[in-house]
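This report describes one structure for a reader who has not met it before. Please look through the sequence and the structure before reading on.

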Amino acid sequence: MVSDDEVEKALDWLRDNAEAIGAAKERLVRAGHMVKHVKALQMKRWNEQTVSAQEREAVASPEYLEALTEEARAAGDYEVMKSLREAAALKIEVWRSEAANYRAMKL
């Protein structure tokens, strides 16, 4: 059984972390765009070469690897927040189902 206190904590968590979830999503989107930006800047450094050579050099650069790493971290952080949000919402749904079943049994 999910207690009323657990439901209250889940609701509080959802309310208190809404901005953090939004910030995590913002960071993820920004990091994805930074990967493209870094790649373009790195390709520009090799503009005398063919496009495929520029891309190879850009993708092999430490700056590109750093941008990819940040994107991966941002994605991981966002997925953790999303999973916690889903767990809180599911706990509330379980409580609602249990409460409805209890009311049905009382009748």
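A residue is called buried under 20% relative accessible area, exposed over 50%, and partly exposed in between, using a 1.4 Å probe and protein chains only. The model is predicted, so local features need pLDDT of at least 70 and side-chain atom pairs count only at pLDDT 80 or more, while totals for chains, interfaces and linings use all residues. Residues are numbered from 1 along each chain as its sequence is written, and side-chain values use heavy atoms, with hydrogens and water left out.

The largest nonpolar core (buried Ala, Val, Leu, Ile, Met, Phe, Trp, Tyr and Cys residues joined through side-chain atoms within 4.5 Å) has 7 residues, namely I21, A24, L28, A31, A74, Y78 and M81. Helices α2 (18-45) and α4 (62-106) each supply at least two of these residues, where helices are DSSP runs (H or I) of at least four residues, numbered from the N terminus.

The structure holds 9 salt bridges, each being a side-chain nitrogen of Lys or Arg within 4 Å of a carboxyl oxygen of Asp or Glu. Three of them are listed here.

| Pair | Closest N and O atoms |
|---|---|
| D12 and R15 | 3.1 Å |
| E55 and K39 | 2.7 Å |
| R96 and E93 | 2.9 Å |

D12 is partly exposed, because its relative accessible area is 27%, whereas R15 counts as exposed at 56%. D12 and R15 lie 3 residues apart in helix α1, so about one helical turn separates them. In helix α4, R96 and E93 are likewise 3 residues apart, about one helical turn.

How values were computed: Helix = DSSP H or I, 4+ residues; strand = E, 2+ residues; numbered from the N terminus.
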